[in-house]
Amino acid sequence: MINALIRNRDQTAVLKLPDDPFNLQYDLSQIGIRSRLRDISINDDEDSDIQVKLFADSDIGNSLAVLFKPSHSLEDANLCAHMVENARPEILEELEQHIVHGQYFSPQAVMEDIKAMTEELISVTVNYYCPLQIHMTDEEYGDWYEVDNGYGVAHEEAIRELVKREQERDLHNMADYFDGSESAKSKLVCAVWDVQEVGGELYGVIHTGLREAFSPAEEKEWIDELIGQAADGFGEGLEQREIKTDDGDIYVSFWHSGNDYFMENEMDFQQRMSDNLGFEEQQIGGI
């Protein structure tokens with residue numbers, strides 16, 4: 001969609017955006033650039049140590065490229081190009097017309113409009129819940145051991161921020177990885193991972209935006225996908241990111257191999273909480 005001509009002294013590279021950030025970092029390293037994408041500004045001033053010029057072979061790409069100023073980074077350009085290229089088919093034609101006809105004055109406006117147009121497709125939101133497993137490392141001995149969920153509650157905001165950052169590391173919305181039936185995929189719009197305190201414990205929650213409700217069979221496909229993501233995809237990367245606390249580093253996982261693990265919609269979770277803890281339905285806030 002967009003090409004980025006990068007100059008570092010007498011070395012040059014042409015990067016095609018969007019691309020996986022790790023691929024871009026590798027390509028930059030080949031011309032001696034070790035800076036992070038977020039620290040490389042879109043600036044082709046000859047006095048700059050690193051010069052970046054954006055260009056394209058299409059009207060849409062060129063209309064998008066001119067929106068970037070020196071205040072924007074290569075990371076901004078990559079993310080914006082990704083969001084445009086991967087916009088939902090239902091909004092793509094309108095989005096492209098807006099871009100070509102100059103209705104945006106910044107890449108942030110483009111991305112905000114994509115999010116707003118995508119959210120308008122959502123008619124049903126279903127939350128899916130799972131238990132969290134929390135480990136801690138002993139700084140003196142390097143041991144790894146499970147700790148009480150109270151550490152999760154005490155550090156809820158730090159965990160939420162980590163979950164948010166981990167999702168931002170991947171250009172794709174988690175819904176993009178869903179390889180279910182065509183009927184289920186057509187209903188799925190987006191999925192956002194989060195945490196929520198319920199009954200004095202912190203749980204994982206995946207906010208799922210749908211065009212219309214899943215059938216029971218489609219929901220089972222989606223739950224299977226979420227379990228897979230929790231175990232081997234998103235969750236595998238997340239549980240390797242430490243959270244600093246006064247007691248040591250804690251690590252959070254949305255999955256464990258125990259028999260008491262579950263991934264279920266909010267109605268089933270609400271029933272579980274009512275059965276196990278004697279909660280009244282109205283006492284479970286946020287569900």
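This passage looks at the nonpolar cores, one helix and one sheet of a predicted model.

Start with the inside. The largest nonpolar core takes in 39 residues, and I6, L17, L54, L74 and V110 are the ones with the most contacts inside it. Helix α3, covering residues 74–85, supplies the largest share of this core, with six residues. Apart from this core lies another one, made up of 34 residues, with A184, A191, I206 and W222 among them.

L17 gives a good idea of how the pieces meet. Setting aside neighbours within four places in sequence, L17 touches M1, I2 and A4, and also L24 and L54. The rest of its contacts are L74, A77, N78 and A81, and those four residues are also on the list of buried residues in α3.

As for α3 itself, the buried residues are L74, A77, N78, C80, A81, H82, M83 and V84. The length of the helix checks out too: at 1.5 Å a residue, its twelve residues should span 16 Å, and because the end C-alpha atoms are 16 Å apart, the two values agree.

Then there is the sheet. Four strands form an open sheet in the order β6-β5-β10-β9, and the pairing is antiparallel. At the edges sit β6 (144–147) and β9 (243–245), each of which pairs on one side only. From one strand to the next, the twist averages 35 degrees. Strand β5, residues 133–137, runs antiparallel to β6 and is joined to that strand by four bridges. In one of these pairings, T137 has W144 of β6 as its bridge partner.

Key. Residues numbered from 1 in each chain as written. Predicted model: local features only at pLDDT ≥ 70, side-chain atom pairs only at ≥ 80, totals over all residues. Heavy atoms only, no water. Core = buried A, V, L, I, M, F, W, Y, C linked by side-chain atoms within 4.5 Å. Buried < 20%, exposed > 50% of the residue type's maximum accessible area, 1.4 Å probe, protein only. Helix = DSSP H or I, 4+ residues; strand = E, 2+ residues; numbered from the N terminus. Contact = heavy atoms within 4.5 Å. Expected span 1.5 Å × (residues − 1). Pairing = 2+ DSSP bridges. Axes fitted to C-alpha atoms, helices over the stretch in contact; angles between N-to-C directions.
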